[in-house]
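Got your viewer open? Load the model, switch on a cartoon view, and keep the selection box handy for a short tour.

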Amino acid sequence: MPRPKGSKNKKATAPAIVTSSVEEIEQKMAAVEAEITSLSEQLKNRKDELKALAKEKEAAIAAAAAKKAEEDKQAILDAVEKSGKSIEEILVLLK
(Lines give C-alpha, C1' and ligand atoms only; values in the text may rest on other atoms or scores of the structure.)
Protein backbone atom coordinates (compact mmCIF):
# COMPACT_ATOMS: atom_id res chain seq x y z
CA MET A 1 0.00 0.00 0.00
CA PRO A 2 1.49 3.36 -0.98
CA ARG A 3 2.11 6.09 1.56
CA PRO A 4 -0.26 9.05 1.67
CA LYS A 5 0.96 12.06 -0.20
CA GLY A 6 3.21 14.34 1.87
CA SER A 7 4.17 11.83 4.54
CA LYS A 8 7.83 11.21 5.23
CA ASN A 9 9.81 8.70 7.14
CA LYS A 10 10.57 10.38 10.41
CA LYS A 11 13.44 9.34 12.62
CA ALA A 12 13.14 9.61 16.35
CA THR A 13 15.57 12.10 17.83
CA ALA A 14 17.68 10.89 20.69
CA PRO A 15 17.84 13.09 23.77
CA ALA A 16 20.97 15.20 24.04
CA ILE A 17 23.66 13.68 26.14
CA VAL A 18 24.44 15.85 29.14
CA THR A 19 28.19 16.29 29.45
CA SER A 20 28.12 19.07 32.05
CA SER A 21 27.76 18.49 35.71
CA VAL A 22 25.22 20.28 37.85
CA GLU A 23 27.98 22.37 39.46
CA GLU A 24 29.26 23.54 36.08
CA ILE A 25 25.76 24.52 35.00
CA GLU A 26 25.19 26.43 38.26
CA GLN A 27 28.49 28.26 37.76
CA LYS A 28 27.48 29.24 34.23
CA MET A 29 24.09 30.40 35.50
CA ALA A 30 25.75 32.51 38.20
CA ALA A 31 28.10 34.03 35.64
CA VAL A 32 25.19 34.91 33.34
CA GLU A 33 23.23 36.44 36.23
CA ALA A 34 26.27 38.52 37.22
CA GLU A 35 26.64 39.69 33.64
CA ILE A 36 22.96 40.64 33.49
CA THR A 37 23.34 42.63 36.71
CA SER A 38 26.41 44.39 35.34
CA LEU A 39 24.69 45.21 32.06
CA SER A 40 21.62 46.49 33.92
CA GLU A 41 23.81 48.88 35.91
CA GLN A 42 25.54 50.03 32.72
CA LEU A 43 22.16 50.59 31.07
CA LYS A 44 20.97 52.66 34.03
CA ASN A 45 24.13 54.76 33.92
CA ARG A 46 23.78 55.31 30.18
CA LYS A 47 20.14 56.37 30.57
CA ASP A 48 21.16 58.88 33.25
CA GLU A 49 23.89 60.18 30.92
CA LEU A 50 21.35 60.50 28.11
CA LYS A 51 18.99 62.49 30.34
CA ALA A 52 21.83 64.84 31.34
CA LEU A 53 22.77 65.37 27.69
CA ALA A 54 19.14 66.10 26.81
CA LYS A 55 18.98 68.76 29.54
CA GLU A 56 22.27 70.23 28.32
CA LYS A 57 20.92 70.33 24.76
CA GLU A 58 17.75 72.14 25.90
CA ALA A 59 19.86 74.69 27.76
CA ALA A 60 22.04 75.24 24.69
CA ILE A 61 18.96 75.71 22.50
CA ALA A 62 17.50 78.22 24.96
CA ALA A 63 20.79 80.13 25.11
CA ALA A 64 21.01 80.20 21.31
CA ALA A 65 17.43 81.45 21.06
CA ALA A 66 18.10 84.20 23.59
CA LYS A 67 21.24 85.24 21.71
CA LYS A 68 19.33 85.29 18.42
CA ALA A 69 16.56 87.40 19.96
CA GLU A 70 19.12 89.88 21.27
CA GLU A 71 20.81 90.07 17.85
CA ASP A 72 17.44 90.64 16.16
CA LYS A 73 16.57 93.34 18.65
CA GLN A 74 19.88 95.08 18.03
CA ALA A 75 19.43 94.81 14.27
CA ILE A 76 15.99 96.40 14.51
CA LEU A 77 17.32 99.22 16.69
CA ASP A 78 20.17 99.81 14.22
CA ALA A 79 17.69 99.92 11.32
CA VAL A 80 15.54 102.45 13.20
CA GLU A 81 18.58 104.59 13.89
CA LYS A 82 19.70 104.48 10.23
CA SER A 83 16.23 105.38 8.96
CA GLY A 84 16.25 108.66 10.88
CA LYS A 85 12.64 108.25 11.96
CA SER A 86 11.42 108.16 15.51
CA ILE A 87 9.93 105.07 17.05
CA GLU A 88 6.50 106.70 17.08
CA GLU A 89 6.69 107.34 13.31
CA ILE A 90 7.62 103.72 12.68
CA LEU A 91 4.75 102.50 14.87
CA VAL A 92 2.36 104.69 12.88
CA LEU A 93 3.68 103.18 9.64
CA LEU A 94 3.21 99.66 10.99
CA LYS A 95 -0.42 100.32 11.93
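A word to learn before you click: a residue is called buried under 20% relative accessible area, exposed over 50%, and partly exposed in between, using a 1.4 Å probe and protein chains only. What you have on screen is a predicted model, where local features need pLDDT of at least 70, side-chain atom pairs count only at pLDDT 80 or more, and totals for chains, interfaces and linings use all residues. Residues are numbered from 1 along each chain as its sequence is written, and side-chain values use heavy atoms, with hydrogens and water left out.

**Stop 1: the whole chain**

Show everything. The protein has two helices and zero strands; helices (H or I, at least four residues) and strands (E, at least two) are DSSP runs, numbered from the N terminus. How much of the protein is buried? Buried residues make up 0% of its 95 residues. Now turn on the surface: the accessible area is about 9500 Å², and 61% of that belongs to carbon and sulfur atoms. Such areas come from the Shrake-Rupley method with a 1.4 Å probe, and for residues only the protein chains shown count as cover.

**Stop 2: helix H1**

Select residues 22-83. This is helix H1, with 62 residues, and it reaches 90 Å from its first C-alpha to its last, close to the expected 92 Å. That expected span is 1.5 Å times one less than the number of residues in the helix.

**Stop 3: Thr37**

Staying in helix H1, pick Thr37. Thr37 is partly exposed, at 44% relative accessibility. Add Glu33 to your selection: its backbone oxygen lies 3.0 Å from a polar atom of the Thr37 side chain.

**Stop 4: the salt bridges**

Here you're looking for a side-chain nitrogen of Lys or Arg within 4 Å of a carboxyl oxygen of Asp or Glu, which is what counts as a salt bridge. How many are there by this rule? The count comes to three.

- Select Lys44 and Asp48, which form a salt bridge with their closest N and O atoms 3.8 Å apart. They sit four residues apart in helix H1, so about one helical turn separates them. Lys44 is exposed at 52%, while Asp48 is partly exposed at 39%.
- Next, try Arg46 and Glu49, where the closest N and O atoms of the salt bridge are 3.3 Å apart. Both lie in helix H1, three residues apart, about one turn of the helix. Is Arg46 exposed or buried? With 57% relative accessibility, Arg46 counts as exposed, and Glu49 is partly exposed at 39%.
- Then move along to Lys68 and Asp72, a salt bridge with its closest N and O atoms 3.1 Å apart. Being four residues apart in helix H1, they are also separated by about one helical turn. Both are partly exposed: Asp72 has 35% and Lys68 has 47%.

**Stop 5: past the end of H1**

Click Gly84, just after H1, which takes a positive phi of about 80°. Then select residues 87-94, helix H2, where you'll find Ile87. Colour Ile87, Leu91 and Leu94: they make a nonpolar surface patch of about 330 Å². Patches are made of residues with over 30% relative accessible area and no salt bridge, with like charges joined within 9 Å and nonpolar side chains (Val, Leu, Ile, Met, Phe, Trp, Tyr) within 5 Å.

Terms used. Polar contact = N/O pair within 3.5 Å; in protein donor to acceptor, adjacent residues only side chain to side chain.
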